[in-house]
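Good morning, colleagues. Thank you for making time for this short presentation; please have the model open as I speak.

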Amino acid sequence: MTAMRIIRTKDYDAMSAAAARLIAAQITLKPNCVLGLATGSSPVGAYQNLIAWNKAGELDFSQVRSVNLDEYAGLTPDHDQSYAYFMRHNLFDHVNIDQKNTNVPSGVNGDEECERYDKLIADFGGIDLQLLGLGVNGHIGFNEPDDHFSLGTHKVTLTESTREANKRFFTSIDEVPTHAYTMGVRDILQARRVVMVASGANKAQAIKDAFFGPVTPQVPASILQYHPDFILVADEEALSLI
């Protein structure tokens with residue numbers, strides 16, 4: 001088992017800045033790197049830092065390629081709750097990245113999308129740095145607790161806790177999609193470096209279970225205990241149980 005590195009920060013803003021520095025270092029080191037990107041509230045602060053550095057001329061996205069973790073099944077890229085829309089709104093529209101080099105799984109291509117997406121990642125030569133959030137149930141991407149670890153990109157049925165966590169973005173729980181397409185655990189594990197951001201007391205139990213408990217598909221993030229270059233960037237509240 002490998003040594004996990006933990007960067008402990010005071011609060012969300014400090015966590016965001018620390019994660020952004022790791023991403024910026026990757027881009028500086030390899031300007032045409034492949035970034036695996038995440039959605040949700042956790043990475044937004046990191047993206048705001050990256051935008052500021054790009055606007056200041058300190059960071060160049062012109063050769064960067066990106067692959068996102070997941071997308072809701074049934075939502076088109078222009079739907080305001082789709083993750084394609086989220087990424088444009090929170091990052092891509094504000095930096096000098098070539099939009100043709102950005103990739104989010106299609107929510108409307110049907111199940112052949114899974115094979116296409118895995119081939120895309122393979123053709124890129126894999127992911128240089130994968131950014132992750134952490135679900136309160138230990139999920140990464142939309143890889144929910146299960147009796148086995150998933151391999152490639154696949155369609156998942158979202159758990160009630162995940163739909164509940166995401167309903168704040170919709171007018172009601174009935175509008176929250178029931179399925180999503182997500183990169184598999186294997187795709188994530190094959191990234192050369194994995195950076196996870198976690199903030200707030202509601203993530204504390206998931207961190208304890210994932211990184212200080214057994215490796216089990218019931219806590220999908222626990223597989224990262226085996227990753228050779230995994231960095232957890234978390235604030236004091238999220239680390240309060242360890």
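I shall go through the sheet, the nonpolar cores, the aromatic pairs and a few individual residues in turn.

Please bear in mind throughout that this is a predicted model.

Let me begin with the sheet. Seven strands make up an open sheet, paired in parallel, and their order is β1-β10-β9-β6-β2-β3-β5. At its edges are β1, residues 5–9, and β5, residues 102–103, each of which pairs on one side only. Within this sheet, β9 and β10 run parallel and are joined by five bridges. As an example of the register, Val-194 has Phe-230 of β10 as its bridge partner.

I turn now to the nonpolar cores. As a general matter, nonpolar side chains in soluble globular proteins tend to be buried together. In this model, the largest nonpolar core has 42 residues, and the members that touch the most others are Ile-27, Leu-35, Tyr-47, Leu-50, Phe-61, Leu-91 and Val-233. Which elements supply at least two residues each? They are the helices α1 (12–29), α2 (44–55) and α3 (83–90), together with the strands β2 (34–37), β6 (129–132), β9 (193–198) and β10 (230–235). The largest share, eight residues, is that of α1. Apart from this core lies another, of 31 residues, which includes Ile-121, Leu-132, Ala-191 and Val-194.

Ile-27 deserves a separate word. Beyond its neighbours within four places in sequence, Ile-27 is in contact with Cys-33, Leu-35, Leu-59, Asp-60, Phe-61 and Val-64. Two of these partners, Leu-35 and Phe-61, also appear among the core members that touch the most others.

The next topic is the aromatic pairs. The structure contains five of them. One is formed by Tyr-72 and Tyr-83, a tilted pair with 4.9 Å from centre to centre and 35° between the planes. Tyr-72 is in strand β4, residues 70–72, and Tyr-83 is in helix α3, so this pair links parts of the chain eleven residues apart.

What is the geometry of the pair between Tyr-72 and Phe-170? The ring centres are 5.8 Å apart and the planes stand at 75°; because that angle is over 60 degrees, the pair counts as edge-to-face. Phe-170 lies in the loop between α5 (160–166) and β8 (179–182), whereas Tyr-72 lies in β4, so the pair ties together parts that are 98 residues apart in sequence.

Are these three residues buried or exposed? The cut-off for buried is under 20% relative accessible area. Tyr-72 has a relative accessibility of 1% and is therefore buried. Tyr-83, with a relative accessible area of 10%, is buried, and Phe-170, at 10% relative accessibility, is buried as well. Ring pairs also bring in Phe-142, so that Tyr-72, Tyr-83, Phe-142 and Phe-170 are linked into a cluster.

A ring also takes part in a contact with a charge: the charged end of Arg-65 sits over the ring of Phe-124, at 5.0 Å from its centre.

I would now direct your attention to Asn-143, which lies in the loop between β6 and β7, the latter being residues 154–157. Asn-143 is a polar residue that counts as buried, because its relative accessibility is 3%. What does its side chain reach? It reaches the backbone oxygen of Ile-140, at 2.9 Å. In addition, the side chains of Asn-143 and Ser-150 are joined by a polar contact of 2.6 Å. Leaving aside neighbours within four places in sequence, the contacts of Asn-143 include His-154, Thr-182, Gly-184, Ile-188 and Pro-220.

That list leads to Ile-188, placed in helix α6, residues 185–189. Ile-188 counts as buried, at 1% relative accessibility. Not counting residues up to four places away in sequence, Ile-188 touches Leu-69, Gln-130, Leu-132, Ile-140, Asn-143, Met-183, Val-194, Leu-224 and His-227. Of these, Leu-132 and Val-194 are among the members of the core of 31 residues.

Finally, for contrast, consider Lys-119 in helix α4, residues 112–123. Lys-119 counts as exposed, at 52% relative accessibility. Lys-119 and Ala-25 are 94 residues apart in sequence, and their C-alpha atoms are 27 Å apart in space.

That concludes the presentation, and I welcome your questions.

Definitions and conventions. Residues numbered from 1 in each chain as written. Predicted model: local features only at pLDDT ≥ 70, side-chain atom pairs only at ≥ 80, totals over all residues. Heavy atoms only, no water. Core = buried A, V, L, I, M, F, W, Y, C linked by side-chain atoms within 4.5 Å. Buried < 20%, exposed > 50% of the residue type's maximum accessible area, 1.4 Å probe, protein only. Helix = DSSP H or I, 4+ residues; strand = E, 2+ residues; numbered from the N terminus. Contact = heavy atoms within 4.5 Å. Phe/Tyr/Trp six-rings, centres within 6.5 Å; stacked < 30°, edge-to-face > 60°. Lys NZ or Arg CZ within 6 Å of the ring centre and 35° of its normal. Polar contact = N/O pair within 3.5 Å; in protein donor to acceptor, adjacent residues only side chain to side chain. Pairing = 2+ DSSP bridges.
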